[in-house]
Amino acid sequence: MCPRERCCPAGCSRRARTHTMLTYEQARKKVIEQVGKRKGPRASSGVSVWDALELVLVQEVKTDREYPPFDRSTRDGYAVRSKEISPGAARKCVGEIKAGDTVREALAAGSCVQIMTGAAVPAGADAVVMIEHTQREGDLVRFARAAQRGQNIVPRGSEACAGQTILTPGTRLGFAELALAAQVGAVELQCAKRPRVAILSTGDEVVLIDQQPGKFQIRNSNSVSLAAQVRIAGGEPVVLGNAADRVEDLGEKIERGLKEDALVLTGGVSMGKYDLVESVLKAMGAEFFFDAVAIRPGKPAVFAIYQGKPVFGLPGNPVSTMVTFELFVAPAMDLLSSSEARPLPLVEARLAEALNERPGLTHFLPAHIEWRDAVPEVKALKWQGSGDIAALARANCFLVVPAEKEKIATGEAVSVLLRKDIV
Ligand code: AMP
Ligand code: MG
């Protein structure tokens with residue numbers, strides 16, 4: 001049977017939608033639910049802390065000792081017994097303690113000791129007075145104000161106890177997490193392997209990017225944007241090239257793509273006669289969870305599970321491909337990386353120029369956001385629709401126009417989806 005007939009009983013060549021159209025939030029939830037359900041333990045390997053940026057930890061990291069390991073001065077100044085220091089009091093300075101110095105002697109009553117930031121506060125002292133609030137007269141130090149017990153000292157063990165878990169499995173390693181691991185001497189970290197994501201473009205008109213396209217052909221820019229988006233989302237792209245709009249070629253290349261952790265296709269999911277992706281997947285036995293989402297651009301987006309793996313059919317128009325990746329593929333990749341799905345980077349901004357959009361679908365318009373006196377302001381950019389890559393290259397976000405909204409006035413609060421690669 002022609003695979004197309006399976007989705008269109010009349011046997012016509014048009015793709016018939018078999019699911020009710022979901023909102024983008026519902027569609028995202030479906031992806032998270034289905035991929036999350038199948039999330040198993042992921043293969044991992046030891047990675048140097050220098051190379052582990054943005055990887056997901058699969059081990060616990062514990063402290064090797066207390067932090068700080070001694071009462072640490074947070075200022076350059078004088079360590080004192082706080083009870084002895086009132087405005088105008090003077091104390092004899094009996095020495096100095098630099099960061100890293102071994103401190104054995106307690107501070108004797110009636111004296112003070114000069115101390116540097118990061119140095120250990122001697123026993124007996126319970127406050128550090130900033131140098132700015134003192135005056136040195138030979139051996140004597142005169143204090144301008146009273147000292148408070150504990151002032152400018154971080155007590156031993158107050159940041160973490162010895163053997164305390166400070167990083168847990170599932171943590172995505174950013175610069176602070178890596179510094180924390182380094183601080184406790186965890187120089188090699190067990191991290192989940194990056195999910196491998198197969199990228200397959202489709203369309204008879206599509207040629208390789210290093211080929212000269214014929215007048216009516218186009219270069220395969222979608223595979224490039226998708227590979228970049230996969231990398232940004234923490235995955236490893238496996239670019240499979242392009243499938244012709246033919247059942248056999250699509251079938252073969254889809255099979256190849258399913259060797260990876262996930263498969264992302266572009267093109268061939270709309271209503272045209274040669275949009276065969278969904279019907280080929282159906283004929284293979286893929287289980288579908290949505291085949292249309294109430295958004296523009298990106299409405300014909302498709303999500304299925306086949307052989308336990310997520311398969312996404314994203315519309316071929318470049319901006320649609322980019323938007324639908326961010327909405328639906330990125331959360332799946334988080335889950336495949338052994339982490340939680342990160343929320344969409346949505347922020348609220350003031351609309352700089354009134355808008356008039358057709359209601360019915362949630363719109364994601366290429367837009368530019370900037371901060372004026374710390375207040376975010378956003379403006380939709382002129383564009384020629386979902387094929388206009390140049391517009392998106394000028395944009396740093398998408399302005400989200402809710403489905404029920406037709407007009408939005410200047411100054412109204414709107415929702416903005418940030419392009420997290422550049423904002
Ligand atoms: P489709 O979703 O296959 O109907 O394609 C929609 C539009 O996107 C058409 O104008 C295609 O030529 C274009 N398109 C499809 N695939 C790609 C691709 N890989 N790179 C750039 N544009 C594409
Ligand atoms: Mg096509």
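# Exercises on pockets, salt bridges and surface

The residues that line the largest pocket divide into 9 nonpolar, 15 polar and 6 charged. The model used in these exercises is a predicted one.

**Exercise 1.** State the volume of the largest pocket, the residues closest to its centre and the elements that each supply at least two residues of its lining.

*Solution.*
Step 1. The volume of the largest pocket is about 490 Å³.
Step 2. The lining counts 30 residues, and G267, P315, G316, N317 and P318 are the closest to the centre of the pocket.
Step 3. At least two lining residues come from each of the helices α4 (221–232) and α7 (318–336). The same holds for β13 (196–202), β15 (218–219) and β19 (295–296).
Step 4. By class, 15 of the lining residues are polar, 9 are nonpolar and 6 are charged.

**Exercise 2.** Find how many cavities of 30 Å³ or more the structure holds, and describe the lining of the largest cavity.

*Solution.*
Step 1. There is 1 cavity of 30 Å³ or more.
Step 2. The largest cavity encloses about 40 Å³ of space.
Step 3. Its lining consists of E54, L55, V56, R172, A192, K193, R194, P195, G234 and S337.
Step 4. Sorted by class, the lining of the largest cavity has 4 charged, 4 nonpolar and 2 polar residues.

**Exercise 3.** Which side chains meet that of E377 in salt bridges, and is E377 buried or exposed?

*Solution.*
Step 1. One partner is R350, with an N to O distance of 2.9 Å.
Step 2. E377 belongs to strand β25 (residues 375–380) and R350 to strand β22 (residues 346–351), so this pair ties together parts that are 27 residues apart in sequence.
Step 3. R372 also forms a salt bridge with E377, at 3.0 Å from N to O.
Step 4. E377 has a relative accessible area of 17% and is therefore buried, since buried means under 20%.
Step 5. The two arginines are partly exposed: R350 has 34% relative accessibility, and R372 has a relative accessible area of 46%.
Step 6. Elsewhere, R196, E236, R256 and E260 are joined into one network by salt bridges that share partners.

**Exercise 4.** Give the N to O distance of the salt bridge between K98 and D101, and classify both residues by accessibility.

*Solution.*
Step 1. The side chains of K98 and D101 meet at 3.7 Å, N to O.
Step 2. K98 counts as partly exposed, at 43% relative accessibility.
Step 3. D101 counts as partly exposed as well, at 29%.
Step 4. For the structure as a whole, the number of salt bridges is 24.

**Exercise 5.** Identify the members of the nonpolar surface patch that contains V423, and place V423 along the chain.

*Solution.*
Step 1. The patch is formed by W371, I422 and V423. Together these residues have about 300 Å² of accessible area.
Step 2. V423 is located in the segment after β28 (413–418).
Step 3. The relative accessible area of V423 is 41%, so V423 is partly exposed. This value also passes the patch cut-off of over 30%.

**Exercise 6.** How far apart are R72 and A233 in sequence and in space?

*Solution.*
Step 1. R72 is in strand β3 (residues 72–73) and is partly exposed, at 23% relative accessible area.
Step 2. Along the sequence, R72 and A233 are 161 residues apart.
Step 3. In space, their C-alpha to C-alpha distance is 39 Å.

Note on methods
Residues are numbered from 1 along each chain as its sequence is written. Chains are lettered from A and ligands numbered from 1 in the order in which they are written. This is a predicted model: local features need pLDDT of at least 70, side-chain atom pairs count only at pLDDT 80 or more; totals for chains, interfaces and linings use all residues. Side-chain values use heavy atoms; hydrogens and water are left out. On a 1 Å grid over the protein atoms alone, a cavity is a set of points where a 1.4 Å probe fits but cannot get out, and a pocket is an open set with protein on both sides within 12 Å along at least five of seven lines; lining residues have an atom within 4 Å of a point. Grid points are joined across faces, edges and corners, and a volume is the space filled by probe spheres set on the points. Ala, Val, Leu, Ile, Met, Phe, Trp, Tyr, Cys and Pro count as nonpolar, Asp, Glu, Lys and Arg as charged, and the others, Gly among them, as polar. Patches are made of residues with over 30% relative accessible area and no salt bridge: like charges are joined within 9 Å, nonpolar side chains (Val, Leu, Ile, Met, Phe, Trp, Tyr) within 5 Å. Accessible areas come from the Shrake-Rupley method with a 1.4 Å probe; for residues, only the protein chains shown count as cover. A salt bridge is a side-chain nitrogen of Lys or Arg within 4 Å of a carboxyl oxygen of Asp or Glu. Helices (H or I, at least four residues) and strands (E, at least two) are DSSP runs, numbered from the N terminus. Buried means under 20% relative accessible area, exposed over 50%, partly exposed in between (1.4 Å probe, protein chains only).
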